Amino acid sequence: MNSIKYVYSFGDKASEGNAGMKNLLGGKGANLAEMSLLGIPVPAGFTISTEACAHYYSFGREELIAILKDQVVAGVHNIESVMGGHFGDPTDPLLVSVRSGARVSMPGMMDTVLNLGLNDEVVEGLAMKMNNERAAWDSYRRFVQMYGDVVLGLKPAAKEDIDPFEAIIEALKAERGVHLDTDLSAADLQELTARFKRAIFSFTGKQFPTNPEDQLWGAIEAVFSSWMNDRAITYRRLNRIPEGWGTAVNVQAMVFGNLGNSSATGVAFSRDPSNGEDEFVGEYLINAQGEDVVAGTRTPQQITLVSSRRWSKLANVSEAERKSAFPSLEEVMPDIYAQLYAIQDRLEAHYKDMQDLEFTIQDGKLWLLQTRNGKRTGKAMVKIALDMWREGVLDDRTAVLRIDPVKLDELLHPIFDKKALAAATPMAHGLPASPGAASGQIVFFADEAAEWVKKGKKVILVRIETSPEDIQGMAAAEGILTTRGGMTSHAAVVARGMGKCCVSGAGTLHVDYHKRNVCVGNVCLQEGDWLSINGTDGTVYFDKLPTQNADLSGDLGDLMKIADKFARMRVRANADTPTDAAVALSFGAEGIGLCRTEHMFFEGDRIKLIREMILAPDTDGRKRALAKLLPIQRQDFEGIFRVMEGLPITIRFLDPPLHEFLPKEEESQRMMAKEMGVPYEQVKHKVEELSEVNPMMGLRGCRVGNIYPEITEMQTRAIIEAALNLKKHHDQDIIPEIMVPLVGSGLEFEAQAEVIHQTAEKVFAERKTRIDYRIGTMIEVPRAAIMAGQIALHADFFSFGTNDLTQLTYGFSRDDVADFLPAYLEKGLLKVDPFVTLDTEGVGYLVKLGTENGREAHPGLKVGICGEHGGDPESIEFCHKTGLDYVSCSPYRVPVAKLVAAQVVLKEQQKAVHA
Ligand code: PEP
Ligand code: MG
């Protein structure tokens, strides 16, 4: 017999586990144990560890039961001794809940069974014990419904169908002529239970188990196997949760929120999870069970009076109606409210983080069923961390580590363009479930949302309510709109976790899945029509509305200052224009790591000049065209230099193949010829001459400058003259960093460096003054990484262009990879898109090699990265570990990069302390 301990009991101010045992007991189990230790009223129970889950996957059900049996029986006895009653005993019944609980919360992804332990005899005993026949039968029918779904597998046959159990309920209500579930009598519920069982048998061929022990093992196994259901797998993939972790199972005595009007159930947050305000908020339902609040099938009431009044204003409910029909818990049960308030305060102080609580009130007694660090929006995450930091609860390090870099990104999400918004007519209001603004084409089914997005469309997923099956479609959509459900409904919780804009419970909207339309009164939109939602205030527009970037709060600035104390690597931005540079600066960029000069050539008349240069038959002709471009380039550089006020700026020379500046279509070529006053044939001939079979590996990068040094001369002159002008007119000392792209050998680089030096000297002689400048190169060809020692002898700095380095190391064309990447990801041939997250093993090996070789030849060589990976958290960590001096990324990713640069240092320090 296996002697490993798999079962950990808790209850009555004692427990075998604690909050530090999340890996073994899962988050829910560890926190239940901790609450019990703190003396908070928690129904007694036990947690079956995640190790048992691993055992289940290795050896299967029979083996699992064999090793767990004695421990589970002992666990059940412990519950009985603490709570009273006996599991399966009709004379004094005890019911249990069976819930999943992984290391990190995966809301709604895995299975739960409530009211377990009921059969036709036990329900009679329960009715006696509860002194409430209706509540007993309600518990039984709920149990059969959940067990029938989760363990026995009775699900809707098609996605258009409603849940089969709900269909049976609706049919019975129609027969009885009642509208609400609560109007059904005990006898009706008994009838429902019988119909449920018949439906289960006729659809699944399985008899409903009457023996409570069999029920318990069925539920335990179902929870373990739900770890591998599709939605859990998708959730893990999206959140990068390792499969090997497994889930724990929590078996806990049931307490009942459905025993009448002195019973209730609810969900609460110690601070507001949508905006981070330090305000206790939450929702509850009288005479209900926990799943009712989360399922979004009834409109929950607010816990506090303040939020109840706020809600009534939004919902257009009069104060008198609010008080009678939707009163707050604070008003209805002031004593319980006071206890709950004290508990949330205590738990927040204990965990030093915002808590998300589930509670049940059974006949006037409060029970806590769960506490966990609450999921929150990016805005709330920053506000809560910074508020707690100001309150002195969190120190600098903890505040920085509290921020999830991916969610920080949410703060930078768009809002609607204010002008367009002022002109738009709101068509409906729902709850502001997850902030942000989104516009997209309406899609009603999650799988189709994902397909439409694959085809390049922007969609809003519109549903009556969402369920965990919808996760993939929710992830793909721009935003989510539901007509049912509260702020703690599935759609709201999941969207918030994803940082996705969501409006929930927009009840005036009517969704018809069969007709595939959504209507307000007579105004209907069809699938594919445009719709916009504002997740910050809950408004729905039947329009396509443009979005604009969000304003940043002061908290972000404070956070960046704290992060800067720890980060070793500096963070620069990739910016090509003075406007981009200003945005970058406002986001905290410490310089520009990549200014792609070719982007300047596409604006206005410039394209004409560059085309003139390309068409020129000889060097003189090219020089004449370049002379016209010179003042424009100089002005561009002056603009950027001025904005950046002396911060380092790396300017890269022209990089793309020249044919990118010429039109491909005959019609456009004719237009160009006309504009330039040359024969069409000349343009056509030039396009043909420049055409390449493989342009990404053709005449581009430094090869252009080496073949046509006059281009390098012009660009050098523009940079040096701009810097001299700033010194002269604005007393700004600029040390330009000139960067040569796509170098593959020392010779290639030296040839360009020579042109740059000669040109600079010429300008200094003309101006009779000089400035400092640096010359460096991008390392984006594998050979450059290998030969870095040679190249570094003459270079002041390296910047890894990991976009091209990834392209050329993998041999994946940047422009064509999308054709096969999804299939590769699906087949597991790639774990992530290597153009998003650096392939640290392969491409990263070259980055490491290039850095080491470069620094060996040239001690103190400055090294950075300016490929897209410079804004990706995992890649930034790698850059830090490889000893890079800076990362450069898009302006909008600068805050994320700065945060990660600080976090990686803090994590290293934590590791060192623990070692
Ligand atoms: C790169 O290749 O990583 C790079 C930054 O240059 P570009 O994306 O302009 O080719
Ligand atoms: Mg490149």
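1. F661 is buried in this predicted model, with a relative accessibility of 1%. Its position is in the loop between β29 (649-652) and α26 (666-676). F601 is also buried, at a relative accessible area of 2%; this residue belongs to the loop between β28 (592-596) and α24 (606-615). Both values fall under the 20% that sets the limit for buried residues.

2. The ring count gives 19 aromatic pairs. For F601 and F661, the ring centres are 6.3 Å apart and the planes meet at 65°, so the pair is edge-to-face. An angle over 60 degrees is what places a pair in that class. The two residues are 60 apart in the chain, and their pairing links distant parts of it.

3. A second edge-to-face pair is formed by F812 and F820, because the planes of their rings stand at 70°, with the centres 5.3 Å apart. F812 is buried at 11% relative accessibility, whereas F820 is partly exposed at 28%. Ring pairs join F812 and F820 with Y810 and Y824 in a cluster.

4. Two lysines should be viewed together with tryptophan rings. K457 sits over the face of W452, 4.7 Å from the ring centre. K544 is placed over the face of W530, and here the distance to the ring centre is 4.2 Å.

5. Helix α24, which follows the loop holding F601, is mostly covered, with 8 of its 10 residues buried. Those residues are R606, I607, L609, I610, R611, M613, I614 and L615. The list includes two arginines, R606 and R611. The cover over the buried residues of α24 includes four helices: α25 (619-644), α26, α27 (680-690) and α29 (709-730). Of these, α26 (666-676) also borders the loop that carries F661.

6. The magnesium ion (ligand 2) has E780 (OE) and D804 (OD) as its protein donors, at 2.0 to 2.1 Å. E780 is in the loop between β31 (774-779) and α31 (782-786), while D804 is part of helix α33 (residues 802-810), so the pair ties together parts that are 24 residues apart in sequence. Both E780 and D804 are buried. Water is not among the atoms, so the site may look incomplete.

7. Which residues lie at the end of helix α33 and in a ring cluster? Helix α33 spans residues 802-810, and Y810 is in the cluster with F812, F820 and Y824. The helix that supplies the donor D804 therefore also contributes a ring to that cluster.

Note on methods: Residues are numbered from 1 along each chain as its sequence is written. Chains are lettered from A and ligands numbered from 1 in the order in which they are written. This is a predicted model: local features need pLDDT of at least 70, side-chain atom pairs count only at pLDDT 80 or more; totals for chains, interfaces and linings use all residues. Side-chain values use heavy atoms; hydrogens and water are left out. Rings of Phe, Tyr and Trp (its six-membered ring) pair if their centres lie within 6.5 Å; planes under 30 degrees apart count as stacked, over 60 as edge-to-face and the rest as tilted. Buried means under 20% relative accessible area, exposed over 50%, partly exposed in between (1.4 Å probe, protein chains only). A charge sits over a ring if NZ of Lys or CZ of Arg is within 6 Å of the ring centre and within 35 degrees of the ring normal. Contact means heavy atoms within 4.5 Å. Donors are N, O and S atoms within 2.8 Å of the metal (3.2 Å for Na, K and Ca); water is not among the atoms, so sites may look incomplete.
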